[in-house]
Amino acid sequence: MSEDDRLRWEERYQSLPPLRADDIGLPAPFRPFADLLPRSGTALELACGRGTAAVWLAQQGLTVHAYDVSPAAVEAARALAGSTGCQQRCRIAVADLDHGLPPGDTVDVLLCSMFRAPPLYGAMIDRVARGGLLAVSVLSEVDAAPGRYRAPAGELTRAFTGLDVIAAGEGDGQAWLLGRR
């Protein structure tokens, strides 16, 4: 990630108000499918931000490895995990995902919300254990103006053809996909 982008994210996370308990949860596109997620095993969250989804996954019984480029976001995520008693199931660290996925074993759930990284799509599939779930959402050009960080129509369904797609959608400037490996 460029230094300018990293600093932009750091400033954004430093300026946000404190988290509340009702902020914890899955990203909106995946909430209707929460009952499909396992209640044990491991999860990997990429670009976790302040950890609201990572903590939710830990509350469900998963051991979560979560990464973000912003130290301020990681600090907030760790504090949230601690304040909810989930610190033992949340391992949250700073990582620049432009350098690839952090090393690790396959996981039962991989969540990547609002971080578009086409060079990582293959590695993301490989990181999900057989029978595991991958949930990914990105900004999209569908119903929005094209942009550097926006996926063209159909990008996720083309990129994740190796998965059994459970559900997918595009519209209002967002694309998302939930699939099983």
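**Briefing: helix packing, cores and two alanines**

Ala28 is partly exposed, with a relative accessible area of 48%. That value falls short of the cut-off for exposed, which is over 50%. The model is predicted. This briefing covers Ala28, a helix pair, the nonpolar cores and Ala58.

**Ala28**

- Ala28 sits in the loop between α1 and β1, and β1 covers residues 42-46.
- Ala28 and Ser113 are 85 residues apart along the chain.
- In space, 9.8 Å separates the C-alpha atoms of Ala28 and Ser113.

**Helices α1 and α3**

- Two packed helices are described by the angle between their axes and the distance between the axes.
- Helix α1 spans residues 3-15, and helix α3 spans residues 71-83.
- The axes of α1 and α3 come within 7 Å. They cross at roughly 40 degrees.
- That crossing makes α1 oblique to α3.
- On the α1 side, the contact involves Arg6, Glu10, Tyr13 and Gln14. On the α3 side, it involves Pro71, Ala72 and Ala73.
- By type, the residues of this contact are four nonpolar, one polar and two charged.

**The nonpolar cores**

- Which residues touch the most other members of the largest nonpolar core? They are Leu57, Val64 and Ile92, in a core of 30 residues.
- At least two residues of this core come from each of α2 (52-59), β2 (63-68), α3, β3 (90-94), β4 (107-113), β5 (128-139) and β7 (174-180).
- Helix α2 gives the largest share, six residues.
- Another core lies apart from this one. It has 25 residues, among them Leu101, Ala117, Val128 and Leu156.
- Leaving out residues up to four places away in sequence, Val64 touches Ala43, Ala54, Leu57, Ala58, Arg89, Cys90 and Arg91.

**Ala58**

- Ala58 is part of helix α2.
- Is Ala58 buried or exposed? Ala58 is buried, because its relative accessible area is 0% and buried means under 20%.
- Not counting residues up to four places away in sequence, the contacts of Ala58 are Val64, Cys86, Arg89 and Cys90.
- Ala58 and Gly162 are 104 residues apart in sequence. From C-alpha to C-alpha, Ala58 and Gly162 are 27 Å apart in space.

Definitions and conventions. Residues numbered from 1 in each chain as written. Predicted model: local features only at pLDDT ≥ 70, side-chain atom pairs only at ≥ 80, totals over all residues. Heavy atoms only, no water. Axes fitted to C-alpha atoms, helices over the stretch in contact; angles between N-to-C directions. Helix = DSSP H or I, 4+ residues; strand = E, 2+ residues; numbered from the N terminus. Parallel < 35°, antiparallel > 145°, perpendicular 65-115°, else oblique. Contact = heavy atoms within 4.5 Å. Nonpolar A, V, L, I, M, F, W, Y, C, P; charged D, E, K, R; others polar. Buried < 20%, exposed > 50% of the residue type's maximum accessible area, 1.4 Å probe, protein only. Core = buried A, V, L, I, M, F, W, Y, C linked by side-chain atoms within 4.5 Å.
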